[in-house]
Amino acid sequence: MTHLPGGFRKVDPDASEAPHIGLLTQVMTQTLDQDYASVARRRDPQVPDPSPRWRIGALSVLLVFGLMLGVSALTTDQEQPLIAAERAELIEQIEAGQSKLADQQQQLAALSDEVARMQSRLAAELTDDRLLSNRLTALGVAAGTIGVTGPGVVVTVDDARYTGAESGGVVLDTDLQLLVNGLWEAGAEAVSIDDHRLTSLTSIRLAGEAITVDYRSLAPPYVIEATGDPDTMPARLLETRGGQFWLDLKTNYGVQFEIVAKSQVSIPADLRDHLLYAAPRRAT
Amino acid sequence: MPEPPTSPPEGSTKRSLRSQLFVGLLLAVLGFAAVAQMRLTRDDTDYSGQRREVLIELLDSLSSAAERTLVQVDELERTRDELLSSSERRQIAIDEAESRLQVLEVLTGTVAATGPGVTITITDPEDSVAAASLLNGIEELRDAGAEAIEINDTVRVVASTFFTEQDGEVRIDGVAVRPPYLIDAIGSSHTLSEAVIFPGGLADEIERLGGTVSVEEANLVEVGSLHSIDAPEYSQPTEG
Amino acid sequence: MIAAYGLALGVLAGLLMEPSIPEALAPYLPIAVVAALDAVFGGLRAHLDGVFDDKVFVISFVSNVLIAATIVYLGDQLGVGGQLSTGVIVVLGIRIFSNVAAIRRHVFHA
């Protein structure tokens, strides 16, 4: 033993064993308290055991140990029902949780199937919808419920500049009817008069002195626009009876009549699409 | 002199045999216990052999699995509800589109139509009724609210229908039509018939030309002829 | 042999008297028992080796129990109670095994 400042004694840890050994090895091999050995070495074999006090101490320690064992056993015994109850509850919860999870997973699978079905149906429907939409557009253009733009012609007509003296210089509804008729014959795809789309419901009439198109009174000049082939329509129009008639009107009555080919005309829609009397009859 | 190798004494043979048997028995017990435990571990589904900590861990992982599943279920339900509502909306749009389709088909003459209306019979004994007269008559019918018109059960009259004459024959949309002209028109029977017999109307004009006009009102007029539409080459729709 | 009687008496007393352990100490009882077991086996081996000393036995018993319980208690406060108690049990277990092995050598080969 060496003395250090402050009165601490430094005990040489290697006093009884020669080399320094690692912790694990020490734990595994030096399992008997070294004090036993050092005390036994120091004790004089001749001198009998000096202190009966310690012998009593050893016995009481054994008593206490026994007590500890007993109480320990007892406590464990007492805890058993609690432990068992807790286990039982845990197991119950686990089983409940598992069946609930199984239900949820079933629900999940069913939902997943349903959503997948809905989505694939949606995809199929999109195609149908597109077809329907295309058909609606094509029909709408033909019926006049959808506006169009494109190349075509603009025909401007007006009463003769000097009316009064020569009646006949006034544009009549029948004249416009013939003109429009000629345009259709010349290949027009859509026609409007003063931005009124001509549909199968549109009438060109005379009410009093004003021409009405689709029940609306118009005043000259009248602008008739039509989409179609701008290169051929003017000539074709003039070849029709209507066109010829108008040339006649122009020449003989001073009615104004002008055809201009255009790269872009705009024909509005007539949104009326309500039938009061007619219904489709489908073949069965 | 080297001693000959002695054979092992009898007693030690018996002892080594006994100890070998003992070892063998112990190993047998070990093997049996190992197999029993393995089988128990594999078949243990009632948790009676599991430690408390294992049970608690199991419970924890169960509840997080349940939570995850719940989140997934929620997400899927939301997706499904969205799909349902968009499907409902689509159905409404489809229904609307279908009814529009019907109207458009009647207007464009791509489907046969029925309804109340009139049948007008025009005779032309003097061959003087011109296309222009028929055209004017059609305009009068349109003015009177005719929704579907056909002539001679052959030609469906639509917006683009044009009337011409060739070789003394009336042609409608290029198709030759001969008198007597039968015009079927669907609309308000009364209004339509009034329009025809109106002074200065179709009847007056035809009679002036030497023909006759008779109008028959009916509750059910059939307009069966169809008009085929061509895809437009120059017109572009401005919507849709 | 008095030692054995003392032990048996203690066990009996513990079983019959049914003393209730204060709640705070209850978790440390098992560790204390294992630490005590280590000290007892150590003493038994020392006895068989012929180096038994009462004083050393008492001190080793008391210090083992106190140290083991203190270590586990500290561990609980630091939040590593489970790990420390495992460590203590491991070390004590090794020591018990080793001492029992030495005792066995004495008993079967003496």
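Okay, before anything else: when I say two strands pair, I mean that DSSP finds at least two bridges between them. And one caveat, this is a predicted model.

Let's start with a small piece of chain B, strand β5, residues 169–172. Which residue in β6(B) is the bridge partner of Val170(B)? That would be Val177(B). β6(B) covers residues 175–177, and three bridges join this strand to β5(B), with the two running antiparallel. The hairpin they make has two residues between the strands, and in that hairpin Asp173(B) takes a positive phi, near 55°.

Now go to the other neighbour of β5(B). Here β4(B) is the partner, again antiparallel, with four bridges. Ile172(B) in β5(B) is the bridge partner of Phe163(B). This hairpin has two residues between the strands as well, and in this one Asp167(B) takes a positive phi near 55°.

So what do the side chains do along β5(B)? They alternate. Val170(B) and Ile172(B) point to one face and are buried, whereas Glu169(B) and Arg171(B) point to the other face and are not buried.

Okay, helices of chain B. Take α3(B), residues 131–143. How many of its 13 residues are buried? The count is 12, and the helix is mostly covered. The buried ones are a mixed bag on the list: you get Leu134(B), Leu135(B), Ile138(B) and Leu141(B), but among them also Asn136(B), Glu139(B), Glu140(B), Arg142(B) and Asp143(B). As a check on the geometry, 13 residues at 1.5 Å a residue should span 18 Å, and the end C-alpha atoms of α3(B) are 18 Å apart, which agrees. After the helix comes Gly145(B), with a positive phi near 90°.

Compare that with α4(B), residues 189–197. The buried residues here are Ser189(B), Leu192(B), Ser193(B), Ala195(B) and Val196(B). Why do they line one face of the helix? Because, looking down the axis of α4(B), they fall within an arc of 155°. The background is the usual one: an α-helix has 3.6 residues a turn, so residues three or four places apart point the same way. As for what that face packs against, the buried residues of α4(B) meet β1, α3, β7, α5 and β8 of chain B. So α3(B), the mostly covered helix from a minute ago, is one of the elements they pack against.

Let's move out to the interfaces. Between chains A and B, 67 residues of chain B are in contact with 68 residues of chain A. On the chain B side, the elements giving two or more residues are α2, β1, α3, β4 and β9. α2(B), residues 52–108, has the largest share of that side, 30 residues. By class, that side divides into 35 nonpolar, 20 polar and 12 charged residues.

There's strand pairing across the chains too. β11 of chain A, residues 279–281, is joined to β1(B) by three bridges, and the two run antiparallel. If you want a spot to click on, Arg281(A) stands opposite Ala112(B) in β1(B).

Then there's the contact between A and C, which takes 30 residues from chain A and 40 residues from chain C. On the chain A side, α1, α2 and α3 each supply at least two residues, and α3(A) gives the most, with 20. The classes on that side are 21 nonpolar, six polar and three charged.

What does chain C look like by itself? It has four helices and zero strands, and 27% of its 110 residues count as buried. Taking its contacts with a separation of 6 or more, 67% are between residues 24 or more positions apart.

Last topic, the nonpolar cores. The largest has 83 residues, and those with the most contacts inside it are Leu179(A), Val180(A), Leu183(A), Ile149(B) and Ile186(B). Helix α4(A), residues 173–185, gives the most to this core, six residues. Leaving out residues up to four places away in sequence, Leu179(A) touches Val155(A), Val157(A), Ile224(A), Gly242(A) and Trp246(A). A second, separate core has 27 residues, including Leu63(A), Ala36(C), Phe61(C) and Ala68(C).

That's my tour, happy to go back to any of it.

Notes: Residues numbered from 1 in each chain as written. Chains lettered and ligands numbered in written order. Predicted model: local features only at pLDDT ≥ 70, side-chain atom pairs only at ≥ 80, totals over all residues. Contact = placed C-beta atoms within 7 Å. Nonpolar A, V, L, I, M, F, W, Y, C, P; charged D, E, K, R; others polar. Buried ≥ 20, exposed ≤ 12 C-beta atoms within 10 Å, placed from the backbone. Arc of directions from axis to C-beta. Core = buried A, V, L, I, M, F, W, Y, C linked by C-beta atoms within 7 Å. Expected span 1.5 Å × (residues − 1).
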